[in-house]
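Below are some comments on the model, set out as numbered points for a reader who has the coordinates open. They begin with a single residue and its surroundings and widen from there.

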Amino acid sequence: MKLKIVMTSRIRDKAVEELTSEYVKRIGAYADCSVVEAFSANKSKQLPLLLKAGEGALVGMDPAGKTFTSEKFAAWLEKKLEEYGGVTFFIGEADGLHEELKAHLHETVSLSAMTMAHRISLVVLAEQLYRALTIIKGHPYHK
């Protein structure tokens, strides 16, 4: 099982990096997980970088995407991992996901209907992935 979170910008925030790293480390007990910064100042080079970073089911994070409870997200994730062997989650910048990337996505998922900074989305997604895996494995973290 492989999980990947692809940021279309640089993280640039030590606190965000540290908290995300903690959840990625915890996820490591259940699946291979990594965070990738696929950033290019040249927007024409951005899409190839993003597509190269993606593998398995390609999922965009978007406020208009599917919404889940933690339990339903866990069931959805388990199904995607069984079907594709891995999932890549793309987090866009303040203006959202790269428009051309959207055509390559299998689907979009929402963390919240509320707007949040993309760096905060990274932390929330990492925690929810960890939570989902603990639900799948029956670990008491979710309780």
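1. Leu3 is a good place to start in this predicted model, and its contacts beyond the neighbours within four places in sequence are worth tracing in full. On that count Leu3 is in contact with Ile27, Ala31, Asp32, Cys33 and Ser34, and further along the chain with Leu77, Leu81, Val87, Phe89, Leu129 and Leu133.

2. Several of these partners recur when the nonpolar packing is considered as a whole. The largest nonpolar core has 30 residues, and those with the most contacts inside it are Leu3 itself together with Ile27, Leu77, Val87, Phe89 and Leu129. At least two residues of this core are supplied by each of strand S1 (2–7), helix H1 (14–27), strand S3 (57–66), helix H3 (70–84), strand S4 (86–91) and helix H5 (118–137). Helix H5 provides the largest share, with eight residues. Another core, of ten residues, lies apart from this one and has Ala38, Ala53, Leu97 and Leu105 among its members.

3. On confidence, the average pLDDT of the protein is 92, and 99% of the residues score at least 70. Among the elements, the highest mean belongs to H3, at 97, and the lowest to helix H2 (residues 43–53), at 81. As a general caution, predicted coordinates should not be read in detail where pLDDT is low.

4. Which residues lie closest to the centre of the largest pocket? The pocket has a volume of about 340 Å³, and of the 20 residues that line it, Met61, Asp62, Pro63, Met116 and Ser121 are the closest to its centre. Two or more lining residues come from each of S3 and H5, with S3 giving the largest share, three residues. By class the lining of this largest pocket comprises ten nonpolar, seven polar and three charged residues.

5. The second largest pocket, with a volume of about 160 Å³, deserves a separate description. Its lining includes Thr67, Phe68, Thr69, Ser70 and Phe73, as well as the run Val109, Ser110, Leu111, Ser112 and Ala113, and also Val124 and Gln128. The elements that give two or more residues to this lining are H3 and H5. The lining of the second largest pocket has six nonpolar and six polar residues and no charged ones.

6. Is Thr88 buried or exposed? This residue lies in strand S4, and Thr88 counts as buried because its relative accessibility is 0%, where the cut-off for burial is under 20%. Not counting residues up to four places away in sequence, Thr88 touches Lys4 and Val6, and also Ala53, Gly54, Glu55, Ala57, Leu58 and Val59.

7. Helix H3 carries two glutamates that can be described side by side. Glu82 has its place in helix H3 and is exposed, with a relative accessible area of 62%; its C-alpha atom is separated by 8.3 Å from that of Met1, although the two residues are 81 residues apart along the chain. Glu71 is also placed in helix H3, but is partly exposed, with a relative accessible area of 44%. Leaving aside neighbours within four places in sequence, Glu71 is in contact with Ile135 and His142. The C-alpha atoms of Glu71 and Ala15, which are 56 residues apart along the chain, are separated by 28 Å.

8. For helix H1, Ser21 offers a further reference point. Ser21 is found in that helix and counts as partly exposed at 46% relative accessibility, while its C-alpha atom and that of Gly96, 75 residues apart along the chain, are separated by 23 Å.

9. Finally, the backbone at Arg12 should be looked at individually. Arg12 is found in the loop between S1 and H1, and its phi is near 55°, a positive value in a residue other than glycine. Most residues other than glycine have a negative phi. At 63% relative accessibility Arg12 counts as exposed, the cut-off for that class being over 50%.

Terms used
Residues numbered from 1 in each chain as written. Predicted model: local features only at pLDDT ≥ 70, side-chain atom pairs only at ≥ 80, totals over all residues. Heavy atoms only, no water. Core = buried A, V, L, I, M, F, W, Y, C linked by side-chain atoms within 4.5 Å. Buried < 20%, exposed > 50% of the residue type's maximum accessible area, 1.4 Å probe, protein only. Helix = DSSP H or I, 4+ residues; strand = E, 2+ residues; numbered from the N terminus. Contact = heavy atoms within 4.5 Å. pLDDT = per-residue confidence, 0-100. 1 Å grid on protein atoms, 1.4 Å probe; cavity = no way out; pocket = protein on both sides within 12 Å on 5 of 7 lines; lining within 4 Å. Points joined across faces, edges and corners; volume = space filled by probe spheres on them. Nonpolar A, V, L, I, M, F, W, Y, C, P; charged D, E, K, R; others polar.
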